[in-house]
Amino acid sequence: MAAGMAGENVIEAPLWSPSAERIAASNMTAFMGHLTARHGVRFSSYADLHRWSVEHVEAFWDAVWDFCGVVGEKGGRILADAEKLPGAQFFPDARLNFAENLLSRDDDGPALYFNNEGEMAEAVSWAELKRRVARFASVLRRWGVGPGDRVAAFMPNCPETIVAMLAATSLGAVFSSCSPDFGVRGVLDRFGQIEPKVLVACDGYRYAGKVLPSHEKLTEIIEGLPGLEHVAIVPFIGEGPKGLPKAEDWNGLLASVPVAPLTFARLPFAHPLYIMYSSGTTGIPKCIVHSAGGALLQHMKEHKLHCDLKPGSVLFYFTTCGWMMWNWLVSALASEVTLALYDGSPFHPTGDVLFDYADAVQADVFGTSAKFIDAVKKSGAKPRETHDLSSIGTILSTGSPLVPESFDFVYEDIKKDVALASISGGTDLLACFVGGSPLLPVWRGEIQASMLGMATEIWDDAGRPVAGEKGELVCTKPFPSMPIGFWNDRDGAKYRSAYFERFPGVWCHGDFAELTPHGGFIIHGRSDATLNPGGVRIGTAEIYAQVEQLPEIQEAIAIGQEWQGDVRVVLFVVMKPGAALDAAMEARIRQKIREGASPRHVPAKIVAVADIPRTKSGKITELAVRDVVHGRQVKNKEALANPEALDLYSDIAALKS
């Protein structure tokens, strides 16, 4: 999810502040009252509440369990081995089931809406969702699926994917997913490591108005997973299994089992729930195992307290099943929230499609990416003039840094009275370190605050906390959604190396960030993509924030090129149609960066390219470009949505002088 803000000078008036009425009615205010009644502690600000939450870790998470209404047996101990990071254990005596918590409602109200590129399906009620889950759970049980078995999904973001996940996790099986735009190698690099017993897959999908069958890919995928015993094919484009080995039709399977009550296997808090994957751009993806209790508790906290979602609220987040935001989205069912699912291009049939959908379902929270907001801005659209959007109280953004100008665009051209919450965390924790608070104002270019229970700090290279300067984003205390570990990392060496080697006993996240005077955060980019000209660290997001203000520039990517014993900044730009990178344009780019950032940020070389490589979740990948420029092999091109774009960066004459 690595998101955030690209920095600029702080302005002295917030862009938006919550009304007194909104603060008073928020779940977070109710939670403070809950803590006052329980512990006799009173809070004068969000900062007070956050400080208490990280100083009283056990009491805080104990209160979150009760306030959020977790279904299960909590047990006596809240936190064991609290001093171990990694190694701390939350709720070691608890028993719960993830699916049971997401299916507490059983009525005719809407649980799921679904929109496929403007085509709205009939809403799925809570009662119908539960019936479908019960039927597929019966199928899985008949197939011998039980606790610890892996059920994988190669699926769009549609109701059947949620049914499959809930059915699998009701039995204690471990669920893992990727989206159908993945290539065969990308799927096998992921699912091949975890050896699923069952695969749920679509026969095809739709994108940008095109119907894209999946049968050829599925033939290779099924052959490449020798341990696979059963395949359920969802007829998303109406073709069905069509002779695929081990495959049966989804609808036929659900009709083949008698209606039976849905039961739930209550298992330990740390029982595996999901296997997630690192982006895989530097090698075979790491398989990150997350726990049922950790994901549930973190997500309920974020949904109820930070997003202020209430029973009956409607949550939309644009995501695919290959991005952690899908897992984050579906957990909102535990807060009795209606999910608005969408699959396909966010700009088909027109750029209005997501805003049309938000109005149609009366979305309370509209979640998207920084790139989407930037694309809408550059298209010239003004949704506030073409749409109602009165239902939307919060806009969430993640995936990459949200530049200050995009803050301006949201308030000027989408909606004036809205909480704009940029959130940042990642697949590694399946949650957020920093994000929004319904009690706080929104400052231009800043994430509002550290999330409750997350001891987030910025450290310099010597391991000292700093404010007002850039450093490493760290978390100094344990939190429930720390991974159980990595798959097939039996001694935990890879897990420890990923997060705990830089500063022993402290989670180092790999974000280059800054704590602001308002208590907010600015993310300047990934630490491993920072530039080091003359030994000074520069975040790539600081450059993008300036360059992408120029109307002629569609997008940009910056790397550090090793040159004559130092590192020089190289900027690649995608020009808008009709624009050209000539000497005058280069001078404007350099001037913009010099004035808006600093002379150190000014690139030594500027090169026009036709495309920028990005991951399946839409993030540009500086490391892959850097490797190509230096003549190094990119280890896992299958992780990219457009691997052919890498060829544009090979053997560039301008970079040889």
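**Exercise 1. Classify arginine 185 and find its partner.**
Is arginine 185 buried, partly exposed or exposed, and which side chain does it meet in a salt bridge?

*Solution.* Start with the accessibility in this predicted model. Arginine 185 has 42% relative accessibility, so it counts as partly exposed. Next, look for its partner: the side chain of aspartate 189 meets arginine 185 in a salt bridge, 3.0 Å from N to O. Now check aspartate 189 itself, which at 8% relative accessibility counts as buried. Finally, place the pair: both sit in helix H8 (residues 184-194), four residues apart, or about one turn of the helix.

**Exercise 2. Work through another helical pair.**
How far apart are the closest N and O atoms of glutamate 128 and arginine 131, and how are these residues spaced along helix H6?

*Solution.* The closest N and O atoms are 3.0 Å apart, and the two residues form a salt bridge. Along helix H6 (residues 126-142) they are three residues apart, so about one helical turn separates them. As for accessibility, glutamate 128 is partly exposed at 24%, and arginine 131 is partly exposed too, at 44%.

**Exercise 3. Put the salt bridges in context.**
How many salt bridges does the structure hold, and which residues are joined into one network by shared partners?

*Solution.* The total is 34 salt bridges. One of them links lysine 310 and aspartate 308, with the closest N and O atoms 3.1 Å apart. Shared partners join Arg38, Asp62, Asp66 and Lys74 into one network.

**Exercise 4. Hunt for disulfides.**
How many disulfides does a search of the whole structure find, and why is cysteine 287 not bonded to cysteine 178?

*Solution.* The search comes back with zero. Take cysteine 158: the nearest cysteine sulfur belongs to cysteine 321, 6.9 Å away. Cysteine 158 is also buried, with a relative accessible area of 0%. Then try cysteine 287: its closest cysteine sulfur, in cysteine 178, is 12 Å off, which is too far for a bond. Cysteine 287 counts as buried as well, at 2% relative accessibility.

**Exercise 5. Map the second largest pocket.**
Which element gives the most to the lining of the second largest pocket, and which residues are closest to its centre?

*Solution.* First, the volume: about 1100 Å³ of space lies in this pocket. Of the 38 lining residues, Tyr207, Phe318, Pro346, Arg614 and Gly618 are closest to the centre. Elements supplying at least two lining residues each include strand S12 (204-207) and strand S33 (553-563). H14 gives the most, with five residues. By class, the lining splits into 13 nonpolar, 13 polar and 12 charged residues.

How values were computed: Residues are numbered from 1 along each chain as its sequence is written. This is a predicted model: local features need pLDDT of at least 70, side-chain atom pairs count only at pLDDT 80 or more; totals for chains, interfaces and linings use all residues. Side-chain values use heavy atoms; hydrogens and water are left out. On a 1 Å grid over the protein atoms alone, a cavity is a set of points where a 1.4 Å probe fits but cannot get out, and a pocket is an open set with protein on both sides within 12 Å along at least five of seven lines; lining residues have an atom within 4 Å of a point. Grid points are joined across faces, edges and corners, and a volume is the space filled by probe spheres set on the points. Ala, Val, Leu, Ile, Met, Phe, Trp, Tyr, Cys and Pro count as nonpolar, Asp, Glu, Lys and Arg as charged, and the others, Gly among them, as polar. A disulfide is a pair of cysteine sulfur atoms within 2.5 Å. Buried means under 20% relative accessible area, exposed over 50%, partly exposed in between (1.4 Å probe, protein chains only). A salt bridge is a side-chain nitrogen of Lys or Arg within 4 Å of a carboxyl oxygen of Asp or Glu.
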